[in-house]
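Q: Hi! Could you walk me through this model, starting with the fold and moving on to the charges?

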Amino acid sequence: MTENLVKVQKFFGERMGDDILFLSITIDSDKDDPEALTDYRRYPVNDWTGWYHLTGDYDEIETLRWVLGAYDLDPEVDADKTEHAGIVTFGNDKTNWWAAVPAMIDPKEVADAIIRIAGNPRTQPR
């Protein structure tokens, strides 16, 4: 999934870290502690500008997943971490428009969906 999102990130170029931010939120905070995420970011596959990897308390992550709509309605399926599909949830704080797409679709389609919500700087003022 990360490789696909790295391709998405490249569509945004200099907007990364400016008006486009990526937040990757772990669903396994026991495994993905701050040290593990720091080690992951040292992996030389990407320039992580504007892309943050987050972990935290289990209850906080669960609350965030539910607020973002990143859960399965079937509690048994939702409890199984191997069943979690990667999704990209994105939004625009100024318009309060939010959407989500599967992370593994074509990277250009993910980027296009984000641009529709986040706005295109050529047609909208920053």
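**Fold and charges**

A: Happy to: the protein chain has five helices and four strands, where helices (H or I, at least four residues) and strands (E, at least two) are DSSP runs numbered from the N terminus. Please keep in mind that this is a predicted model, in which local features need pLDDT of at least 70 and side-chain atom pairs count only at pLDDT 80 or more, while totals for chains, interfaces and linings use all residues. Residues are numbered from 1 along each chain as its sequence is written, and side-chain values use heavy atoms, with hydrogens and water left out.

Q: Cool, what pattern does the chain follow along the sequence?
A: Reading along, you get α-β-α-β-α-α-β-β-α. The radius of gyration is 15 Å, close to the 14 Å that the globule rule gives for 126 residues, so the chain is as compact as a globular protein of that length. That radius is taken over C-alpha atoms, and the rule is 2.2 Å times the number of residues to the power 0.38.

Q: And what does the C-alpha trace span along its principal axes?
A: About 45 × 35 × 25 Å.

Q: What share of the residues is buried?
A: Buried residues make up 29% of the 126. Here buried means under 20% relative accessible area, exposed over 50%, and partly exposed in between (1.4 Å probe, protein chains only).

Q: Which residues are buried in helix 1?
A: In helix 1 (residues 2–12), they are Asn4, Leu5, Val6, Val8, Gln9 and Phe12. Their cover includes strand 1 (22–25), strand 2 (51–54), strand 3 (87–92) and helix 5, with contact meaning heavy atoms within 4.5 Å.

Q: What follows helix 1?
A: Glycine 13, whose phi is positive, near 45°.

Q: Switching to electrostatics: how far apart are the mean positions of the positive and negative charges?
A: They are 11 Å apart, for 13 positive and 25 negative charges. Lys and Arg count as positive and Asp and Glu as negative, leaving out His and the chain ends; each charge is placed at NZ of Lys, CZ of Arg, CG of Asp or CD of Glu.

Q: How many salt bridges does that leave us with?
A: The count is four, taking a salt bridge as a side-chain nitrogen of Lys or Arg within 4 Å of a carboxyl oxygen of Asp or Glu.

Q: Nice, what does arginine 15 pair with?
A: Its partner is aspartate 19, with the closest N and O atoms 2.6 Å apart. Arginine 15 is buried at 9% relative accessible area, whereas aspartate 19 is partly exposed at 35%.

Q: Where do arginine 65 and glutamate 62 sit relative to each other?
A: Both are in helix 3 (residues 58–68), three residues apart, so about one helical turn separates them. Their salt bridge has its closest N and O atoms 2.9 Å apart. Arginine 65 is buried at 6% relative accessibility, and glutamate 62 is buried at 17%.

Q: Then what about aspartate 112 and lysine 108, buried or partly exposed?
A: Aspartate 112 is partly exposed at 26%, and lysine 108 is partly exposed at 40%. They meet in a salt bridge of 2.8 Å, N to O. Being four residues apart in helix 5 (residues 107–118), they are separated by about one helical turn.

Q: Last one: which residues are joined into one network by salt bridges that share partners?
A: Glu62, Arg65 and Asp78.
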